[in-house]
Amino acid sequence: MSQINTQSDSQVTKPRQYLKYTGLALATVAGAAVMVVELGVARVLTPVFGGSITVWAIVIATTMLALALGYAVGGYLADRMGGLKVAAWAAIIGALLCAVIPFLRMPLIHATIDLSTLVGATVGALVLIAPPLFFFSQVSPALIRGLAADGVSHVGVTAGGVYALSTLGSLVGTLGAVWLFLYMPITLGFVGIALLVVLPALIIRPLAGGAALLLIGSVFAFQLLATGPQQISAMNARGKLCELLYKGHSLYGELRVIEEAGRFRYLVVNGSDQGGLDRLDGSSAYRYSDGLIGLGEQYVRNSESALIIGLGAGIMGTKLARKGLDVVVVEIDPEIVRLAHEYFYFQGKAVAADGRRYLQRNDRKWDLIFVDAYLGDSPPWQLYTHEAFSLYRDRLKPGGAVIVNFIGSHLDQEQLPALQAVVATAGGVFSSVDVYPDPWEPDDSPTRNLYIAAADHQRIEPRHAGNPRLAPSLGEAIARTQPFFVDKGVILSDEAAPLESLVLRTAESLRHQTRGYLPVSVLYR
């Protein structure tokens, strides 16, 4: 009799052990999926709304909200419907919603593109992140209920194991997302993780899991076969044909090279134009580099060397080198260095490094240091703090100057505090800080280049006579311009530098202006 009972116990134990390992595998891949969705959607939103701390805060807050709701609902449903059943269904539904994300991307962009950063990013995060994560987060509490169905004696061990594996899965998902969204099309990233989630759920709920596997697998196979080169082109608002020449990702964001009418070529980083080239004569598609170089000549005579922080398309480095200066350009993103050489004919010397770190490790002195760095539509705050300007000053030769290209508005009261903060911070280090708004921009322009000269001496060249608007070049227009007085603002430091929040309005304006000459489909598709 005892032998029969023993066999019966053995027959019950085997399938329970089988489901236990299946459930733990499901907890692991669901944890990974949470992070893939969070980081992947952040990648989707960044080109449209920027990569500021505001956007990241919205992404993280939405993730936390979805997880909290999912944990509560998952536990409630597991007590009433059975833990393993709820876990499997939650995983399957979450996987289907995850696989849908790339197909909602462009309709959502069109629907939110004219909204503010705060509202647009919130809507995007709620639509793309919240639904799949609400279901993925139900998996862990449901599994705890299902795997501890025998009683409460092992609930602690079961809960610890489930959450440990889920967290380890999130760790793998975080690291894996970097690879997925750097080297794979975004659709394959979302659909691929959805497939992994469905596989263990298939064992628990074969019919529903099989249907989901077939559907998601078909989409994955179709996308895998369709990952060849795609020609993306569209007409812009000026009636010119724009064509996407390159699209890729780096550790710092999405990179695109777009050509307009076969002539003007633009480097776009996270949806923001970083510089352009006129292919007819190799000159800049913009004039601001002439303004920066011209301003440098007003403060330093007979310059022999220049350091540029921020490469962009490389136009300014090329111009300074042609003037006979020894030029080194420091660019944090090695992919931008490659694109500048390959698509914008940059032939100068570029070092892939962070600007401050490069100066800290190299004690060479320079006649001119140009700060022209933007990460998408926002200036990297660490290049504008008191500590940064102190470092610049230490790396200048006697009589040298720092020339800053800062985008904003000296006339818009909403944008002015950012300029005031930079001027006040530089003024805490240098005895002379002058601001020259681009004199060729109309007064009603929402943003403009604001050229800032910081030195321990006054401008050495007397102001040229004549109307700046009638000058033959922007450099000459700067020479004819008086500095604009700027009230002091908050001092930026490594301890407290709210620059991203101060330039939020400027960033929105820049993205709007970019869409005026580059079509949405070419910018974001």
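Biologist: Let's start with two helices: does α10 pass α11 in a left-handed or a right-handed crossing?

Modeller: It's a right-handed crossing of α10 past α11. Keep in mind that what you see is a predicted model.

Biologist: What else should I look at when two helices pack?

Modeller: Here's the general idea: two packed helices are described by the angle between their axes and the distance between the axes. In this case, helix α10 covers residues 288-299 and helix α11 covers residues 315-322. Their axes are 9 Å apart and make an angle of about 45°.

Biologist: What word describes how α10 and α11 lie to each other?

Modeller: They're oblique. An angle of about 45° falls outside the ranges for roughly parallel, roughly antiparallel and roughly perpendicular, so "oblique" is what remains.

Biologist: Which residues of α10 and α11 meet?

Modeller: On the α10 side you'll find S289, D290, L292 and I293. Facing them from α11 are I315, M316, K319 and L320.

Biologist: Okay, on to the sheet. How do I read one?

Modeller: Strands of a sheet pair through backbone hydrogen bonds, either parallel or antiparallel. Here you have an open sheet with six strands, paired antiparallel, in the order β1-β2-β3-β4-β5-β6.

Biologist: Which strands stand at the edges?

Modeller: Those are β1 (233-235) and β6 (283-284). Each has a single partner strand, so one of its sides has no neighbour in the sheet.

Biologist: How many bridges link β3 and β4?

Modeller: Six, with β3 spanning residues 253-260 and β4 residues 264-269. To follow one of the pairings, find R256 and look across to V268 in β4, its bridge partner. Then carry on to the next strand: β4 and β5 are also antiparallel, over six bridges. There, R265 stands opposite L277 in β5.

Biologist: How does the chain get from β4 to β5?

Modeller: Through a hairpin, with two residues between the strands. Check N270 in that turn: its phi is positive, about 50°. The step from β5 to β6 is a hairpin as well, with four residues in between, and G282 in the turn has a positive phi of about 75°. β5 and β6 pair over two bridges, and D278 has S283 in β6 as its bridge partner.

Biologist: How many residues of β5 are buried?

Modeller: Seven of its seven, so β5 is largely enclosed by the rest of the structure.

Biologist: Which helix lies across β2, β3, β4 and β5?

Modeller: That's α12, which runs at about 170° to β4. An angle over 145 degrees counts as roughly antiparallel, so that's the word for α12 and β4.

Biologist: Now charges. How do I spot a salt bridge?

Modeller: Side chains of opposite charge can pair when their charged atoms come close. This model has 20 salt bridges. Try R145 and D79, whose side chains meet at 2.9 Å, N to O. R145 sits in helix α6 (residues 139-147) and D79 in helix α2 (residues 53-81), so this pair, 66 residues apart, links distant parts of the chain.

Biologist: Are R256 and E254 buried or exposed?

Modeller: R256 is buried at a relative accessible area of 1%, and E254 is buried at 7%. Their side chains form a salt bridge of 3.0 Å. Compare R145 and D79: they're partly exposed, R145 at 36% and D79 at 49%.

Biologist: Why are E335 and R338 about one helical turn apart?

Modeller: Because they're three residues apart in helix α12 (residues 334-344). They form a salt bridge, with the closest N and O atoms 3.0 Å apart. Both are partly exposed, E335 at 24% and R338 at 30%. Salt bridges can also share partners, as in the network that joins E259, R265 and R279.

Biologist: One last residue: is Y183 buried or exposed?

Modeller: Exposed, because its relative accessible area is 61% and the cut-off is over 50%. You'll find Y183 in helix α7 (residues 155-183). Its C-alpha atom is 27 Å from that of E260, which is 77 residues away along the chain.

Conventions:
Residues numbered from 1 in each chain as written. Predicted model: local features only at pLDDT ≥ 70, side-chain atom pairs only at ≥ 80, totals over all residues. Heavy atoms only, no water. Salt bridge = Lys/Arg side-chain N within 4 Å of Asp/Glu carboxyl O. Buried < 20%, exposed > 50% of the residue type's maximum accessible area, 1.4 Å probe, protein only. Pairing = 2+ DSSP bridges. Contact = heavy atoms within 4.5 Å. Axes fitted to C-alpha atoms, helices over the stretch in contact; angles between N-to-C directions. Parallel < 35°, antiparallel > 145°, perpendicular 65-115°, else oblique. Left-handed = near helix turned anticlockwise from the far one by under 90°.
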